[in-house]
Amino acid sequence: MTTLMEKTATQDDAATLATVETPCLILDADRMDRNIARLRAHLAPMGVTLRPHLKTGKSIEVAHRLMETPQGPATVSTLKEAEQFAAAGVRDLIYAVGIAPDKLPRVLALREKGVDIAVVLDTVEQAEAVAAASREAGTAIPALIEVDCDGHRSGVLPDDSAALLAIGRALVEGGELRGVMTHAGGSYAARTPEELRRYAEVERKSVVDAATTLRDAGLPCPVVSVGSTPTAHFATDLTGVTEVRAGVFVFFDLVMHGIGVCAVDDIALSVLGTVIGFQKEKGWILIDAGWMAMSRDRGTAKQPVDQGYGIVCTLDGMPYPDLILADANQEHGIITVRPGTDAQLPPLKIGDRVRVMPNHACSTAAQHPAYHIVHGDDPAVTATWSRFGGW
């Protein structure tokens, strides 16, 4: 009897970019593999572990290419991710979002199954909840104290020794102080290599200083964790750091291109759409990929070059000159030439297909149930990899 997996494989063997239903998500596996190899090669001389963030892919197949071993280490942003990847054999995880006490039973359930999952916190109240849950369960839940290295989001200031020690001391009353972590989200505002290197050093120093404060007070701090895709690629010194977390580097996107972390031809993810109409007097080409396919993310609007909802490419992934998805309704995408340029609309016809590179790979991928895998400019769709959502 033919299984569903075998049917999918048979269909993929015959599928091409000209025949798959649109809109759909296209992943160039060759570009993805190059992106992974690039970051590993950059970090290797600095003696740190890469703990990739799996939130971008949310896919078992992508995760297996990202991690050093099938067991990890890895980072997740939801407990749904933790549960899905744990079911696939991943055993070393950090749940890198501040822990809500009512989620601790799910953390404990994973640990009971042999998954070494650590949580993140930045308040005494969270530390007390983790310690109490640990005592009640009879097993220490490991936690990392989040450090605010740049004012971007959450965390304890690295020079706030009173807060660091209060959290650490509350946590060890039943839980396990695994270490400290930070995320240099402010690096997304950088625009030059010099700025990116400066963000990377501030990130490193902040978390190393926090670790020193804890250790000098006799508290354990084995893990010193940093992580953002821009700083991971531009760090030149990671002295005192034990691991690096990064996620969107696996696919890259137009926001990363605008920061200066990648080239357009490094972007592995795109949305395939079909031409469904024209408004010639307005200079519009309409496709069946609107914001439900691309997401509402307009991250490049804050950058010097606004890419609209994405750069429009040929079927083999080559960008048309100054052609963007300038606007989007729920199921309609509006292609125009970039304002202020002398580019011309390509001679596309009804039924022709284009690929659109996204602003934010994570949010665009989240709109789709699967990746259609291609390799370079070959139109063959060689596989379909499932992805999941939810919390």
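This report describes the sheet, two helices that lie across its strands, and the cavities of a predicted model.

## The sheet

Strands of a sheet pair through backbone hydrogen bonds, and this pairing can be either parallel or antiparallel. In this model, 8 strands form an open sheet with parallel pairing, and their order is β2-β9-β8-β7-β6-β5-β4-β3. Because β2 (49–50) and β3 (74–76) stand at the edges and each has a single partner strand, one side of each is left without a neighbour in the sheet.

At one of these edges, β3 pairs with β4 (residues 92–98) in the parallel sense over 3 bridges, and Ala74 stands opposite Leu93 in β4.

## Helices across the strands

Helix α5 (residues 104–112) lies across β5 (116–121) and β6 (142–147), and the helix runs at about 155° to β5. Helix α7 (residues 161–171) lies across β5, β6 and β7 (176–182), running at about 170° to β6.

## The cavities

How many cavities of 30 Å³ or more does a search of the whole structure find? The search finds 2. The largest cavity holds about 50 Å³ of space, and the residues that line it include Glu146, Asp148, Arg153 and His183. By class, its lining has 2 nonpolar, 4 polar and 4 charged residues.

The second largest cavity has a volume of about 40 Å³, and among the residues that line it are Asp28, Arg31, Leu269 and Met357. The elements that give two or more residues to this lining are β10 (269–279) and β15 (353–357), and the lining residues divide into 4 nonpolar, 2 polar and 3 charged.

Note on methods
Residues numbered from 1 in each chain as written. Predicted model: local features only at pLDDT ≥ 70, side-chain atom pairs only at ≥ 80, totals over all residues. Heavy atoms only, no water. Pairing = 2+ DSSP bridges. Helix = DSSP H or I, 4+ residues; strand = E, 2+ residues; numbered from the N terminus. Contact = heavy atoms within 4.5 Å. Axes fitted to C-alpha atoms, helices over the stretch in contact; angles between N-to-C directions. 1 Å grid on protein atoms, 1.4 Å probe; cavity = no way out; pocket = protein on both sides within 12 Å on 5 of 7 lines; lining within 4 Å. Points joined across faces, edges and corners; volume = space filled by probe spheres on them. Nonpolar A, V, L, I, M, F, W, Y, C, P; charged D, E, K, R; others polar.
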